[in-house]
Amino acid sequence: MALAPISRRRFAGLLGAGIASAALRPTPLHAVPSTAAATPPTPDDIVRLSSNENPYGPPPAAFDAMRNAFDRVWRYPDEAADALAGDVAKLHVLKSEQVLLGNGSSEILKLCAAAFTGPGRPVVMADPTFEAIGRYARAAGGDALKIPLTADHRHDLLKMLEAARLAGLVYVCNPNNPTGTATPDLRGFLSHVPAGTVVLVDEAYHHYADGDGYESVVPLIAEHPNLVVARTFSKIYGMAGLRCGYALAQPATLDRLRFHQAWDNMNLPALAAAQAALGETAHLERSRRLNRETRDWVIGELAARGYKSIPSRTNFLMTDLRQDTGPVIERLRQRRVEVGRRFPALPTHLRVTLGTRPQMERFLAALGEALSA
């Protein structure tokens, strides 16, 4: 008995409260006034400020692209992947063979660890920074050499350079997670790293970086065969749940990553959404503006209460509470506000993602209660 084809309308209906449900979407930017409107509460009314997500979600064009992609989900995503890689290459003035798509930029980090670390080939990384690369290196049989940040919470490039001579991979998160700081002079750093050591620069927060002292290293790829740059659609593009990212490097370097990658690793709706989002520059600009306005306001509110924040170039803050943050994080959780985990290298600093203005009002109220409890 032949099965009737599933129409797009019926397929969307089968998703129920899933991706087609507007009720569970973040506040779309076209509905956000100059003072950001509140996002609809999660079912249990938890304010989640723990994962550095964009509270305004993807642009409307991304939702349309995903719905249109439902008709093609019976096919492998080859053509869609090629189309996105081509558009990414154009965006960065590179060739398609200099782009490798990943299941989020997390996969790019894992591939770099698999390709460039192992026994006797550690990864050099800051402390603190995004920890995943250290775990991936240990899974590959290698080790993680952690270099403390400078006094102003930037990567200590001189000490990292010394360690790089014995390493297979150097990881630089710029701007850095969790401190939100940008590290200058990566151009000079790259010129001194040994040719046999690969440098992975994670630019997940590139679109939020503003002001002097930050520079993307994408234009340096042509000069450095040992340079890999990771980008993601999980941050300002608002697609953390879709899992789409990419690496930029010279073709021979990407071939070493591709060797460790699963075939057909991307899903078609995510590819379609990412391709549509690339053209939505207004969404990026409004997300950046709303984030900057909220960031400046929260920093001011915290400063008025006597708490100093590390200058942030991202969509999150790290603030010195002058006490161990472990109990504070738990008290916030009891008040239905989730913030970042405790970072042992900066145990008195609390990391909080910048949500909408009403979400941050909830955070500040809960923080006041948590600190006085």
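The lining of the second largest pocket in this predicted model divides into nine nonpolar, four polar and four charged residues. Those classes are spread over a lining of 17 residues, and Ala81, Asp82, Leu100, Arg258 and Asn265 lie nearest the centre of the pocket. If you fill the pocket with probe spheres, you find about 430 Å³ of space. Two elements give two or more residues each to this lining: helix H3, which runs over 78-91, and strand S2, which covers 99-102. Helix H3 provides the largest share, with five residues.

From the open pocket, let us turn to enclosed space. Rolling a probe the size of a water molecule over the atoms shows where empty space is left. How many cavities of 30 Å³ or more does the structure hold? There are two of them, and it is worth visiting each in turn.

The largest cavity has about 50 Å³ of space. Its lining includes Thr183, Pro184, Asp185, Leu186 and Arg187, and also Gly213, Tyr214, Glu215, Ser216 and Val217. By class, that lining has four nonpolar, three polar and three charged residues.

The second largest cavity holds about 40 Å³. Around this space you will find Asn54, Pro55 and Tyr56, then Tyr208, then Ser287, Leu290, Asn291 and Thr294, and finally Leu354 and Gly355. Here the lining divides into five nonpolar and five polar residues, with no charged ones.

Now for the packed parts of the model. In soluble globular proteins, nonpolar side chains tend to be buried together. The largest nonpolar core here has 58 residues, and Leu84, Leu101, Phe189, Phe233 and Leu248 are those with the most contacts inside it. Which helix gives the most to this core? That is helix H9, residues 268-278, with eight residues.

Leu84 is a good place to look at this core from within. Leaving aside residues up to four places away in sequence, Leu84 touches Leu101 and Phe233, both of which are also among the residues with the most contacts inside the core. The other residues that Leu84 touches are Cys244, Leu271, Ala274, Gln275 and Leu278. Apart from the largest core lies another one, of 26 residues, and among them are Leu100, Tyr136, Tyr171 and Val228. Leu100 brings us back to where we began, as one of the residues that lie nearest the centre of the second largest pocket.

Conventions. Residues are numbered from 1 along each chain as its sequence is written. This is a predicted model: local features need pLDDT of at least 70, side-chain atom pairs count only at pLDDT 80 or more; totals for chains, interfaces and linings use all residues. Side-chain values use heavy atoms; hydrogens and water are left out. A nonpolar core is a set of buried Ala, Val, Leu, Ile, Met, Phe, Trp, Tyr and Cys residues joined through side-chain atoms within 4.5 Å. Buried means under 20% relative accessible area, exposed over 50%, partly exposed in between (1.4 Å probe, protein chains only). Helices (H or I, at least four residues) and strands (E, at least two) are DSSP runs, numbered from the N terminus. Contact means heavy atoms within 4.5 Å. On a 1 Å grid over the protein atoms alone, a cavity is a set of points where a 1.4 Å probe fits but cannot get out, and a pocket is an open set with protein on both sides within 12 Å along at least five of seven lines; lining residues have an atom within 4 Å of a point. Grid points are joined across faces, edges and corners, and a volume is the space filled by probe spheres set on the points. Ala, Val, Leu, Ile, Met, Phe, Trp, Tyr, Cys and Pro count as nonpolar, Asp, Glu, Lys and Arg as charged, and the others, Gly among them, as polar.
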